[in-house]
Amino acid sequence: MNTTHNSPKIIPTKSEVDWVNTIFLTTTPIFAVVLSIIYFRGHGFEWKQILLAIIFYYITGLSITAGYHRLISHRAYKAGSLVKFICLVFGAAAFQNSALKWSTDHRIHHRHVDHERDPYNINKGFFYAHIGWIFFKETTPNSEVNYPKDLLNDKLVMWQHRNYLWIAIAVGFVLPTVVGYFLGSALGGLALAGIARVVFVHHCTFFINSLCHIVGTRPYSDTNTARDSFIMALFSYGEGYHNYHHYFPSDYRNGIRWYHFDPTKWLIKTLSFMGLTNDLKKVPEKLILEARHQMKSKKFQSI
Ligand SMILES: [Zn+2]
Ligand SMILES: [Zn+2]
């Protein structure tokens with residue numbers, strides 16, 4: 001079962017270097033280290049600044065996994081405008097492009113996983129799947145027409161797409177600087193909850209495209225490289241159960257057992273108790289067990 005919604009048919013080719021992305025992705029780690037050192041030298045270790053950075057790490061990362069990924073890319077559950085708005089605003093602050101662009105790429109990834117058209121094809125190597133693919137520009141003319149219709153018809157998604165850059169800068173850098181100022185250091189807020197946090201969220205979510213296709217087991221399908229790993233789930237807000245996710249992408253859960261570390265699933269479920277999310281899609285247990293059973297007998301036969 002590998003269904004996605006309205007995957008675009010025309011696939012952009014990549015050849016030209018995207019200098020804006022390349023400079024941003026290579027300089028943010030340097031700024032994070034330099035500004036953090038200046039801040040720590042001047043202020044020492046302050047728990048409130050560390051806590052602010054952790055809060056921003058979770059809000060922006062979960063806005064990508066619960067918002068960009070499970071809500072907008074896969075429609076694995078429904079959410080009211082407030083939840084979607086928060087996900088779009090804080091998702092922008094993760095600096096991973098607009099939800100329209102992100103989700104379009106992601107649907108192509110599911111449809112063409114491990115093949116030439118996969119935007120972050122792991123067969124092109126760890127570096128390419130992790131970050132290298134973002135260094136290149138799409139060169140298909142008028143790529144706007146290739147976006148899926150359901151996303152083009154989504155007013156909030158389109159509003160975020162049109163205003164992406166200023167939302168990202170305002171919420172990703174200005175807001176933590178202002179909050180940091182009220183906590184005693186504007187520099188602390190910018191360095192830790194702003195820039196260092198962007199770098200951490202980048203690489204934790206980029207792991208889903210790289211290591212989650214390398215590290216772990218394949219209990220549901222060996223027809224693609226996606227793997228299940230508890231360790232990777234710890235770093236990726238619960239997205240480490242990636243073999244399950246590629247086989248059953250419409251399920252709002254990635255870690256299906258109660259003990260599976262999946263904070264994204266817990267957030268979506270908690271919001272449903274509050275009436276803020278609904279129609280949480282779950283694959284019937286029978287189908288899950290059947291998939292596992294098929295994989296086990298396939299392995300047994302190969303022995
Ligand atoms: Zn994948
Ligand atoms: Zn997905």
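1. Does D279 count as buried, partly exposed or exposed? At 39% relative accessibility, D279 counts as partly exposed. D279 lies in the loop that runs between strand 4 (277-278) and helix 13 (285-302). Its backbone deserves a check, since D279 is not a glycine and yet has a positive phi of about 55°.

2. The model is predicted. Average pLDDT for the protein chain is 93, and 93% of the residues score at least 70. The weak part to note is residues 1-12, where pLDDT stays under 50. For that stretch the model has 37 contacts beyond four places in sequence.

3. A second residue with unusual backbone geometry is Y237, which is not a glycine but has a positive phi of about 55°. Y237 is placed in the loop between helix 10 and helix 11. With a relative accessible area of 2%, Y237 is buried.

4. On the zinc ion (ligand 2): its protein donors are H69, H74, H106, H110 and H245, each through NE2. They lie 2.0 to 2.2 Å from the ion. Along the chain, the donors follow the spacing H-x4-H-x31-H-x3-H-x134-H. Both H69 and H74 are buried.

5. Which helix holds the donor H245? H245 is found in helix 11. H245 is buried, its relative accessible area being 0%. Leaving aside residues up to four places away in sequence, H245 touches H69, H74, H106, H110 and N254. The side chains of H245 and H74 are also joined by a polar contact of 3.1 Å. Since both residues are zinc donors through NE2, a reader inspecting the site will meet this pair again there.

6. How many disulfides does the structure hold? The count is zero. C204 is in no disulfide, and the nearest cysteine sulfur to it, that of C212, is 10 Å away. Likewise C212 is in no disulfide, with the sulfur of C204 as its nearest cysteine sulfur at 10 Å. A disulfide requires sulfur atoms within 2.5 Å, so a separation of 10 Å does not qualify. C204 counts as buried at 8% relative accessibility, and C212 is buried at 0% relative accessible area.

7. Aromatic pairs come to a count of 21. One of them is the edge-to-face pair of Y220 and F248, with 6.4 Å centre to centre and 75° between the planes. Y220 lies in the loop between helix 9 (186-209) and helix 10 (230-235), and F248 in the loop between helix 11 (242-247) and helix 12 (263-273), so the pair ties together parts that are 28 residues apart in sequence. Y220 is buried, with a relative accessible area of 4%, and F248 counts as buried at 2% relative accessibility.

8. Another aromatic pair is that of W258 and Y259. Their ring centres are 5.5 Å apart and their planes stand at 90°, so this pair is edge-to-face. W258 and Y259 are exposed, whereas Y220 is buried and F248 is buried.

9. Elsewhere in the chain, Y39, F40, F45 and W47 form one aromatic cluster.

Note on methods: Residues are numbered from 1 along each chain as its sequence is written. Chains are lettered from A and ligands numbered from 1 in the order in which they are written. This is a predicted model: local features need pLDDT of at least 70, side-chain atom pairs count only at pLDDT 80 or more; totals for chains, interfaces and linings use all residues. Side-chain values use heavy atoms; hydrogens and water are left out. Donors are N, O and S atoms within 2.8 Å of the metal (3.2 Å for Na, K and Ca); water is not among the atoms, so sites may look incomplete. Buried means under 20% relative accessible area, exposed over 50%, partly exposed in between (1.4 Å probe, protein chains only). pLDDT is the predictor's confidence in each residue, from 0 to 100. Contact means heavy atoms within 4.5 Å. Rings of Phe, Tyr and Trp (its six-membered ring) pair if their centres lie within 6.5 Å; planes under 30 degrees apart count as stacked, over 60 as edge-to-face and the rest as tilted. Helices (H or I, at least four residues) and strands (E, at least two) are DSSP runs, numbered from the N terminus. A polar contact is a pair of N or O atoms within 3.5 Å; within protein, one must be able to donate a hydrogen and the other to accept it, and residues adjacent in sequence count only if both atoms are side-chain atoms.
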